[in-house]
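Let's take a walk through this structure together, one region at a time. Keep the viewer open as you read.

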Amino acid sequence: MTGTVKDDAGIPLQGVSVTIKGETAKTQTDANGKYSISLQSTGSHLIFTYIGMETREIPIGSGNVYNVTLLDDSKTLEEVSISTGYMTQKKADLTGAISVISRDDFAKNPSANVMRSLQGKVPGVFITTDGNPAENVGIQVRGITSMNSSPALIVLDGQPVTINLRDINPNDIESMQVLKDAASASIYGSRAAGGVILINTKKGRKGDNTKITVDSYVGASKITGVPDMLNAVQYGQGLWQATVNDGDDPGPGNIRIYNYDWNRDANGVPVLNKVTPIEWLNAGHTMPSSDTDWFKEGTRTGYQQNHQLTISSSSERSTSLFSLNYYDNNGTQVTSNFKRYSARFNNDYDLLKGKLTIGENFALSKLAIHDVNSTYGFLVMPPNIPVYDLNGGWGGVAMPLGMDDFNNPVRDLLIRKDNRNNYLKALGTVYANLKILPNLALKTQFGVDYTMEYDRTIDPKWVEAGGKSNTINRVFQNNTHDLGTTWTNTLTYNLKLGEHTVDMLGGLEAYKLLQENFQGNRDGLLLENRDYAYLGTATGDSKGLLGGGNERKLFSYFGKINYAYASKYLLSATIRRDGSSVFGENNKYGFFPAFSVSWRIKNESFLKDVSAISDLKLRASWGQNGNSAPLASALLVNIYGVNVDGTSYPIVGNQTGGIPSGYLRRSLGNQDLKWETTTQTNIGVDFAFLNNRLTGSLDWFNKKTTDMLFLPPYIGALGEGGYKWINGADMTNKGFELILGWNDTKGDFSYHIITNFSAYKNKITGLPSSVRYAYGGNGLLDDVLGRPLNSFYGLVADGIFKTQEEVDNSAQQPGKGIGRIRYKDLDGDGVINEAYDRTWIGVRDPNLMAGLNLQASYKNFDFTAFFQGVFGNDVYNSWKELSDFWNIGVQNDRNHPLRVLDAWTPLNPNSDIPALSRRDSNGEKRLSTYFIEPGSYVKLRSADLGYTFPSKITQKISVERLRLYISAQNLFTVKSGKFTAGDPENPGTGYPMPLTTYLGINVTF
């Protein structure tokens, strides 16, 4: 028997369970809503079940095709709710700004960190990352909440945790919610200013038999966004040009690694005829001049693999889920790696005839990370140096021949390839939920968040043929323990009287974080073998020992009430009172209220019969959240410490024996520190038209942070340890978020288009006089007040001098000359002065962020493509320091991208790239508009093509569902023509983003 299952809008439903009454045969609908199932004996009915839809039983007649339409089940919808913090609500009754994320939003974009998979998909959530396999990400919800740390709070299965999201296996996640406005997040009080991310992991489902699911993929990655670099001859050409531009002789007196054949033309302009690298770069004649592509030598084809086994089952009174996962990502830079082993146990048990439910959610992970990035080394290492000498030893710069101090980046990576950071992570909760009355429940939950970090690092001896060496080896050992515990107790009461519905919550929560660490190091290893190299086997006299700890506590009371009348008029109110150990008695407690209302207009009589409008709801909210994240404990009092080198003195004049130690001040205390407070107003509308084919929501927000915590610089007259935390500034973020979706079906073809847009404007609105110039400006009259926090302040570059007349008729500028950058004299005094001629020259924040998700299916094929765009932001292009200048850094004569050969010369007078020079007499490394470029881009982040095998095939091999797919990430980038580097998302020397392709399989038994 075959058929198609759709909803009342005609959209195929994937994952509908299809069974035959009285038989064990079972299948699910595919991406097109199609199913196939075989009748084994005399079953009388087909049963179709799907969460959120009515369950239908269809009598089996003489036919073989049974097409079914499932309608919304209002009773089921009452039960299908989303988590909003300590309680659940129907999505239709939400009054705050909450983004609901399903597995489909991230499952087809594989990553070790679920937030990286969601980059660009959640309006108002700005996610940044790079190509490092360690997969660190930055998360910013609705603009910049604080100038220091205000991370989004992660709540995992109801437990607030302090984790890196790469610690969590994405394959275990069922759904996520992002609480963006203060009214939604205020239930988490002082930790919610940066937004809240709720994560719900998978559980066994009641009514399901034992189910085994295998998800597996392998992938390969290739480095992208890397510029073409100078080869050895081109490097010699640039070195010659920079030297003669300075008026110096490029002969052996100045350059000893190249021989040049050159002369001057009839106009006296230097002309290069031939560049010849010298034959040997060391006295032992073991290191010949080479032509090394350092990016090629230090990178590789990366590979990834992920394997997941999930077993779930249920009985009349229990559900269970067990999963195992192995993830391995070898990055495109040699030796970079991220490896994770994880296991999860989720179980629920119904006792006392359903009145008592107990359960646990527990995850254990082991991570090994080799987090390295040698992009800068690959960029600057001169190409005439070989990786290895003729004897197989390390090549290196010829310092006796006048070369500067560079490290062989391949050597740096390979000799430390076994140095990894190891983590053991345990996350878990146990809970009991007692129904005291049918509408009154008491829940207690205890959670543990434990991280143990251990690393043992060997710094080995090495010798480079060019003369550099490290003759003393050393071993480092580090051990860190972080233990967070959360005990939460809540009482919920639900009341329904006619059209009135009231849900009430009251609770208290105690949180404690204990951190301890130990670090030791010692030199003098006989063997540099990891089986031998420990602190106890090192014998050198140089050694160090450090240890410390931190403890912070939070105790909270909170309450929430939700009221609904006829599902039309909705009201929610929240209060939370937090007490934190990081504040003094005067400001120890913070009070965080919130209110929100909603009007579901669609349920009014005047719209109920308007078929074109499927849903329409207005929302408004106001609330406050707090932040204390930047602070550690012990900032209330002056802190003093001991340093053997800095505080010990033979005060009685003894030449031997013990030396008494004093103390030095490290920081000043501040008993008057208080909470950062973020107050936010939100107005929104949710809508659906044309039988739910067109859906969306629009939100406007105004977010103000006051009393921001800040550690300003201090004047030298205060002496050592003058740093003092204060409450320093006020800031606003105003913006909007829009998400639109369109779905339709045409025969066997169905598609879904989802697009989102978001924007915000950031502004500093208040600055105490004591920190007025700590956020930028000239220290006189120009400060950041009224401007975005992420603003650039510098000189305005006005092209380059191309004639002597231009030089003579310009403002006084030390170092100016033909081929040099000309700066604007903004105050008109005839002198370029940094105090008066700098101004605000750019903003890092984008004007607009957007995402476009395309989903389509035809018969058994499914396709997904996701585009992400960022528009209107400025970036500091640090690559330009290398592509446009020969020497403006600490190291002299670095290698450069090929663009540097297009610099200005008398024979290339139309170039806008400054003339090459081995000096920086014009101060061109100073921040100026020359380095500020448009950071806008559009990227095809991911594409996925899959095929789900028909049920009639999979049933023959006892498989419920089988899908094969291929996918790719970071397929291409469209950027501004004015951006001169590789990737505007990573304009500096970060780990380049790779192009990655995957081949995967999903099997359910």
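A good place to begin is with strand S24 (residues 421–437) and strand S25 (residues 440–459), which run antiparallel and are joined by 15 bridges. Please keep in mind that this is a predicted model. S24 and S25 make a hairpin, with two residues between them. To find your bearings in this pair, look for leucine 434, which stands opposite leucine 442 in S25.

What does S25 pair with besides S24? Strand S28 (residues 474–497) is a partner of S25, again in the antiparallel sense, over 20 bridges. Here you can pick out threonine 444, whose bridge partner in S28 is asparagine 489. As a reminder, the strands of a sheet pair through backbone hydrogen bonds, and the pairing can be parallel or antiparallel.

Now move towards the start of the numbering. Four strands there form an open sheet with antiparallel pairing, and their order is S3-S2-S5-S6. Which strands lie at the edges? They are strand S3 (26–28) and strand S6 (56–59), each of which pairs on one side only. From one strand to the next, the twist averages 20°. Within this sheet, strand S2 (residues 17–20) runs antiparallel to S3, and three bridges join the two. One position to look at is threonine 19, which stands opposite lysine 26 in S3.

Let's turn from the backbone to the side chains. How many aromatic pairs does a search of the whole structure find? The count is 29. One aromatic cluster is formed by Tyr235, Tyr258, Tyr260 and Trp886. Rings also meet charges in this model: the charged end of arginine 191 sits over the ring of tyrosine 511, at 4.4 Å from the ring's centre. You can see a similar arrangement at arginine 577, whose charged end sits over the ring of tyrosine 589, 4.2 Å from its centre.

Our last stop is a pocket. The second largest one has a volume of about 980 Å³. Its lining is made up of 43 residues, and those nearest the centre of the pocket are Pro151, Ala152, Val161, Thr162 and Ile163. Which element gives the largest share of this lining? That is strand S30 (residues 543–565), with four residues. What is the chemical character of the lining of the second largest pocket? The lining residues divide into 18 nonpolar, 17 polar and eight charged.

Methods
Residues are numbered from 1 along each chain as its sequence is written. This is a predicted model: local features need pLDDT of at least 70, side-chain atom pairs count only at pLDDT 80 or more; totals for chains, interfaces and linings use all residues. Side-chain values use heavy atoms; hydrogens and water are left out. Two strands pair if DSSP finds at least two bridges between them. Axes are lines fitted to C-alpha atoms, for helices over the stretch in contact, and angles run from 0 to 180 degrees between N-to-C directions. Rings of Phe, Tyr and Trp (its six-membered ring) pair if their centres lie within 6.5 Å; planes under 30 degrees apart count as stacked, over 60 as edge-to-face and the rest as tilted. A charge sits over a ring if NZ of Lys or CZ of Arg is within 6 Å of the ring centre and within 35 degrees of the ring normal. On a 1 Å grid over the protein atoms alone, a cavity is a set of points where a 1.4 Å probe fits but cannot get out, and a pocket is an open set with protein on both sides within 12 Å along at least five of seven lines; lining residues have an atom within 4 Å of a point. Grid points are joined across faces, edges and corners, and a volume is the space filled by probe spheres set on the points. Ala, Val, Leu, Ile, Met, Phe, Trp, Tyr, Cys and Pro count as nonpolar, Asp, Glu, Lys and Arg as charged, and the others, Gly among them, as polar.
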